[in-house]
Amino acid sequence: MDFTRKSGKYRVERDVLDEQRLEELTQRKTHSDTHPSLSERLKGSLRCSVPRLKHTVMSSFPILYWLPKYSIWDYGMPDLISGISVGIMHLPQGMAYALLASLPPVFGLYSSFYPAFIYIFFGTSRHISIGTFTVLSIMVGSVTERLAPDTDFLIKNGTNVTTEVDITARDSYRVQVAASTTVLAGIIQVILGLVKFGFVGTYLSEPLVRAYTTAAAAHAVVAQLKYIFGVSPTLVSGPLSLVYTLRDICLLLPRTHLPTLVVSVVSMVFLIAAKELSSYLSPKLPVPIPVELITIVAGTLISSYANLNANYSVPVVGAIPSGLRPPKVPDVSLFGAVIGDAIALAIVGYAISISLGKTFALKHGYKVDSNQELVALGLSNTVGGFFECYAVCPSMSRSLIQETTGGKTQMAGVSSAVIVLVTILKLGPLFQELPKAILAAIVFVNLKGMFKQYSDIATLWRSSKIDLMVWLVTWVSTVLFNLDLGLVASILFALLTVIFRTQLPTYSVLGNVPGTELYVEMETHREARAIPGVTIFRSSATVYFANAELYLEALKEKSGLDISKMIIYKRRQEAKQKRRERRAERRAKRHARREQRRAQRAANQLSGAPVFSVEEEAGDWEDTDGNVTDEEEQDWTERENGTVFVIPTTPRTPDGQGRWEYLKGGDPDCTSLGWISELQDGDTTTLGSSSEDTLSRNLEQVSLGSLGKWTWDIHSIIIDLSMANFIDTVAIKTLKNIFQDFSEIDVDIYMAGCQASVVEQLERGDFFSETITKRHLFASVHDAVLFCLNHRGATAIPRYQPLMEKYGSTKL
């Protein structure tokens with residue numbers, strides 16, 4: 001682009017750049033230069049060097065990056081305080097959420113120690129706290145209760161089967177099921193991370209995740225009602241299990257165990273009041289008040305001194321073994337039964353982890369590697385599963401505590417893991433008299449944040465109806481079909497909305513903003529002006545197999561040119577021309593024969609021997625009397641099949657004059673094309689002319705009348721492909737058909753704004769040929785417009801004045 005100064009102002013002068021000219025100027029790399037072959041990529045991936053090895057090790061073990069730089073003076077005390085605060089929260093949440101997983105509370109403590117310790121070495125986030133989480137605990141509980149129901153562990157007394165359940169055997173098998181599911185979910189996460197499949201979390205949109213966690217909270221509430229009211233509903237698994245369980249609990253309400261209900265209500269009132277007080281005093285406190293831990297300690301002391309279990313039959317946690325359990329290989333035979341649940345655990349756990357990790361990383365200015373996070377979370381679950389832990393992920397509440405209390409690195413996770421380890425080794429047996437109703441109350445109160453997510457419905461109603469549909473479908477499907485099937489249905493529906501949006505994009509015609517090279521939608525911008533003879537068409541989505549046909553229909557509608565009608569009309573006009581030529585040829589032959597016969601009769605008369613031929617006189621009479629021949633009758637029949645057909649009303653006189661009648665109508669096939677006569681004064685019009693040329697012109701004028709836009713109003717169509725990020729074979733074939741069809745009606749097609757990757761795909765799809773060259777592809781819409789106007793010699797576009805010229809002579 002050259003800038004020249006004239007009369008104190010700057011003017012822009014440059015060449016019109018099509019794709020071929022652009023390649024000549026920029027020397028675009030070939031496909032082999034930008035996309036190495038498979039063998040070259042393999043060689044590059046297997047090539048080893050010291051910097052590459054160092055980068056691989058550092059990326060695989062992020063702790064090696066930040067630990068050597070760790071400053072005890074700067075980070076030591078904040079991490080210690082943060083770790084202690086988070087470790088105190090691990091204790092009540094670990095035991096409470098273990099009930100959601102239908103496991104003994106001590107296994108919640110195990111799950112708060114081993115995975116958190118493993119994540120320290122492999123994780124890239126500095127602030128998330130790995131451990132038990134409500135949603136994953138419920139998902140694990142649905143698996144354990146399905147594969148290890150109470151009915152499979154009823155105690156047999158001889159030949160009779162009692163209603164008592166062998167709790168020890170049941171819990172032991174449920175632990176195996178949970179561990180096997182966790183190991184399989186961890187393996188899936190590690191594999192996805194190694195193959196760089198971290199982007200899978202992007203398919204779980206925020207409305208989907210929030211609706212899913214909200215529905216999981218509903219499952220958590222129903223699962224804890226039996227501990228709140230002290231009842232034992234029938235265990236139901238599968239779809240609609242939540243509805244059936246809630247119905248059974250409602251039916252059992254008259255049998256509510258009052259001491260248990262009293263403990264639950266008192267605990268919830270105390271928790272809510274203490275949390276509100278802690279929230280009010282939080283700006284003045286260095287660390288938050290450990291409300292849950294205080295509740296557990298107080299509840300354990302009261303239960304122990306009042307002997308609630310013996311005197312009032314209040315269910316308590318029971319024996320909690322002290323010490324760590326040795327590693328144990330999970331039951332591989334269960335993998336086939338839990339594969340679907342493991343995939344759901346892997347996806348949901350990763351989605352929650354990466355969303356929290358990126359939130360804190362953005363706030364504190366560091367980067368979280370999505371693929372490495374998958375590997376770190378997968379290793380945490382896999383190793384934890386060998387120590388009989390169940391699936392874990394970060395918790396929002398614990399992560400917020402770790403961040404707000406000043407945590408800087410994952411050394412805070414080390415401190416919290418030590419707190420949990422001390423509890424497991426020494427303090428576990430002290431909580432044997434803790435009522436389960438208190439743990440259920442802790443779960444209830446901690447779900448308050450998830451219950452607030454119902455306000456998303458009003459927010460999404462105002463902002464996006466489609467996201468609202470995703471939210472509602474996710475919530476309904478998760479509540480009705482349980483967590484595993486609900487997740488599948490939610491993801492499928494979310495993907496359908498994406499397909500729906502790309503299949504039905506917005507199509508628009510662009511106009512030029514005077515004085516600029518900008519082209520905007522004419523429907524939404526009043527200042528946009530149409531280019532004479534040029535239609536600029538753009539789609540808001542890329543063109544591919546799902547919307548290619550709709551793209552073509554929209555192009556016809558926006559351009560005002562119905563290709564099918566116009567091609568049919570063109571071909572009929574060509575057929576008319578051929579018939580005219582044949583008629584002219586027949587008239588010439590008949591005229592020659594008449595002249596020959598007249599010359600022969602004249603010669604006979606001169607010789608004095610007149611010869612009378614009946615056949616010749618009959619033929620001459622038919623040629624001059626106005627009666628039709630078979631060929632002309634066939635021609636009238638063909639005319640009758642058009643929009644306007646012609647019949648003779650009087651025989652042709654010897655001087656060649658006759659009367660012809662134009663009638664509206666035609667066969668249904670033609671009238672369905674919308675070819676309506678322009679005759680306005682009645683159903684018939686009588687013309688006194690025998691000229692074939694006049695007749696043809698009149699027919700042509702009448703037939704053209706209903707085509708909407710005249711064929712000469714548009715001479716060029718520019719397709720703006722700047723929104724396309726890929727193009728498939730179906731779209732390439734559609735574009736070829738567009739070029740071919742519009743060329744038949746003498747309308748030129750050009751494309752503009754293609755990305756380099758789209759141009760390469762067009763080349764590989766054999767799009768370019770002798771008729772469609774890169775001269776039809778332009779770098780910008782403005783280049784294409786300038787070429788169209790220059791090529792067709794049409795009325796020029798209003799002279800382009802760059803902004804620097806329009807608003808004054810600013811020196812560059």
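**View 1. L439 and the residues around it.** Let's start with one leucine: setting aside its neighbours within four places in sequence, L439 is in contact with P92, M95, A96, L99, P105, I296, V317 and L434. The structure you are looking at is a predicted model. L439 also belongs to the largest nonpolar core, which has 103 residues. M95, V135, M139, V348, Y390 and L439 are the residues that touch the most other members of that core. If you would like to find the main contributor, look for helix α15, residues 335–364, which gives the most to this core, with 14 residues.

**View 2. A second core.** Apart from the core of View 1 there is a second, separate one, made of 34 residues. To find your way to it, pick out L555, L561, I745 and F767, which are among its members.

**View 3. Strand β9, covered on both faces.** Now zoom in on β9, which spans residues 534–539. How many of the residues of β9 are buried? Six of its six residues are, so to speak, tucked away: the strand is mostly covered. One side carries V534, I536 and R538, the other carries T535, F537 and S539, and all of these are buried.

**View 4. The two partners of β9.** Which strands pair with β9, and in which sense? Strand β7, residues 507–512, pairs with β9 in the antiparallel sense over four bridges. Here you can spot Y507 of this pairing standing opposite S539 in β9. Strand β13, residues 716–720, pairs with β9 in the parallel sense, over five bridges. In this second pairing, I536 stands opposite I718 in β13.

**View 5. T535, a close look at one residue of β9.** T535 sits in strand β9. Is T535 buried or exposed? Its relative accessibility is 7%, and because buried means under 20%, T535 counts as buried. Leaving out neighbours within four places in sequence, T535 is in contact with V509, S559, I714, S716, I717 and I718.

**View 6. Stepping back to the whole chain.** To place the close-ups, picture the protein chain with its 32 helices and 15 strands. Of its 812 residues, 45% are buried. Among contacts with a separation of 6 or more, 78% are between residues 24 or more positions apart. The chain exposes about 41700 Å², and carbon and sulfur atoms supply 60% of that area.

Note on methods:
Residues are numbered from 1 along each chain as its sequence is written. This is a predicted model: local features need pLDDT of at least 70, side-chain atom pairs count only at pLDDT 80 or more; totals for chains, interfaces and linings use all residues. Side-chain values use heavy atoms; hydrogens and water are left out. Helices (H or I, at least four residues) and strands (E, at least two) are DSSP runs, numbered from the N terminus. Buried means under 20% relative accessible area, exposed over 50%, partly exposed in between (1.4 Å probe, protein chains only). Contact means heavy atoms within 4.5 Å. Accessible areas come from the Shrake-Rupley method with a 1.4 Å probe; for residues, only the protein chains shown count as cover. Two strands pair if DSSP finds at least two bridges between them. A nonpolar core is a set of buried Ala, Val, Leu, Ile, Met, Phe, Trp, Tyr and Cys residues joined through side-chain atoms within 4.5 Å.
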